[in-house]
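Me: I'd love to go through this protein with you, one question at a time. Could you take me through the reasoning behind each answer?

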Amino acid sequence: MKTVIYLDVLLLTNFLIAYGLLSAAGLLAGLRGRFGRMAAASAAAALTALAILWPEQPYWMQLLYKLGTGAAVAAIAFGVRRPRRFLAAACWYTALNLLLAGLCILVILRTGSPLLQTGNLAVYLRLSPLLLVGLTGACSLAVWLGLRLFGAPERPGKTAGLEVMLCGTPVRLRAALDTGCHLKDPITCLPVLLISYPAARSRLPHELCTFLDTWYEGGRADPPPGFSLRLIPCATAAGHTVLPGAAVPGIGLISPGGVLSRGSGAVAFTRQPFDGDYEALYGSDFF
């Protein structure tokens, strides 16, 4: 028996399935991909399904292809700046694909449909595209309900616009509340605003960027004028470290009526990016 495969249906169906599974994998890994990246990753995942049309390859090559394309799709969707989160998303995406395949096989066993074609570890099931998309939605719904019932990875809640004076220049940043952020300036004991240097780099003064680049490369450089250097101790799950920071003369809260001054404070810079549309984190005692 020969099965006729319609490429337009195959690609569109796999695009929708991949988008749903990537969304669920992102929820489980505590990641959120932008729409453009998610769409690009889903399109790449749909193209990988064309392997079913290729000549049969050795098993080790098929397995390597599946693992490699799964990791590549997750990388396109979420990036690799946080390796552990990326690895978790890639594993969840693979596991959800297996779950979906199991649901499809269950439907086939229930209906007795013999229309099944495989090739290079790709499976073509002669099921309705709407049914396949519906099963994908069921997988995503199960993930969503599970996270609602048993708790999702914590993400910062409240966000605020802040204006910070750095090297005599007002810098505006988007900051999120993180109740686990308890950094303190060792001299003034003031709570510290933690800034992601990769996320905020485009907004910082050039001389400050030059100093921080030299710092992270292990070199020595004098702090720029107006930058009162502080060494901020930081303890994380990975261990203890010291972050470059500074005492700042003014931190303001951006409101619809203007900038409300909150007085002097301190900031620290980390090389780690944050998962979200913000460049800084502040603790519950910051204000």
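Me: What span should the 14 residues of helix H2 (residues 35–48) have at 1.5 Å a residue, and how far apart are its end C-alpha atoms?

Reply: Happy to start there. This is a predicted model, in which local features need pLDDT of at least 70 and side-chain atom pairs count only at pLDDT 80 or more, while totals for chains, interfaces and linings use all residues. Residues are numbered from 1 along each chain as its sequence is written, and side-chain values use heavy atoms, with hydrogens and water left out. Helices (H or I, at least four residues) and strands (E, at least two) are DSSP runs numbered from the N terminus, and the expected span of a helix is 1.5 Å times one less than its number of residues, so for H2 the expected 20 Å agrees with the distance between its end C-alpha atoms, 20 Å.

Me: Which residues of H2 are buried, and what arc do they cover around the axis?

Reply: Buried means under 20% relative accessible area, exposed over 50% and partly exposed in between, with a 1.4 Å probe and protein chains only. In H2, the buried residues are Met38, Ala39, Ala41, Ser42, Ala45 and Ala46. Taking directions from the helix axis to the C-beta atoms, they lie on the same side of H2 because they cover an arc of only 165°.

Me: Is strand E5 (residues 192–196) largely enclosed or open, and how many of its residues are buried?

Reply: Val192, Leu194 and Ser196 point one way from E5, Leu193 and Ile195 point the other way, and all are buried. The strand is therefore largely enclosed by the rest of the structure, the buried count being five of the five.

Me: Which strands are joined to E5 by bridges, and which run parallel or antiparallel to it?

Reply: Two strands pair if DSSP finds at least two bridges between them. Five bridges join E5 to the parallel strand E10 (residues 265–270), where Leu193 stands opposite Val267. On the antiparallel side, Leu194 has Leu281 as its bridge partner, and two bridges join E5 to strand E11 (residues 280–282).

Me: Are the rings of Tyr197 and Tyr216 stacked, edge-to-face or tilted?

Reply: Rings of Phe, Tyr and Trp (its six-membered ring) pair if their centres lie within 6.5 Å; planes under 30 degrees apart count as stacked, over 60 as edge-to-face and the rest as tilted. A search of the whole structure finds six aromatic pairs. For Tyr197 and Tyr216, the centres are 5.7 Å apart and the planes at 40°, so the pair is tilted.

Me: Where in the chain do Tyr197 and Tyr216 sit, and how many residues apart are they?

Reply: Tyr197 is buried at a relative accessible area of 5%, and Tyr216 also counts as buried, at 18%. Their pair links distant parts of the chain, with Tyr197 in helix H6 (residues 197–200), Tyr216 in helix H7 (residues 206–216), and a separation of 19 residues.

Me: Which residues do ring pairs link into a cluster with Phe211 and Trp215?

Reply: Phe211 and Trp215 both lie in helix H7, four residues apart, about one turn of the helix. Phe211 counts as buried at 4% relative accessibility, whereas Trp215 is partly exposed at 29%. Ring pairs link these two into a cluster with Phe227 and Phe269.

Me: Which residue has a positive phi although it is not a glycine?

Reply: Most residues other than glycine have a negative phi. The residue sits in the loop between strand E3 (159–166) and strand E4 (169–177). With a phi of about 55°, it is Cys167.
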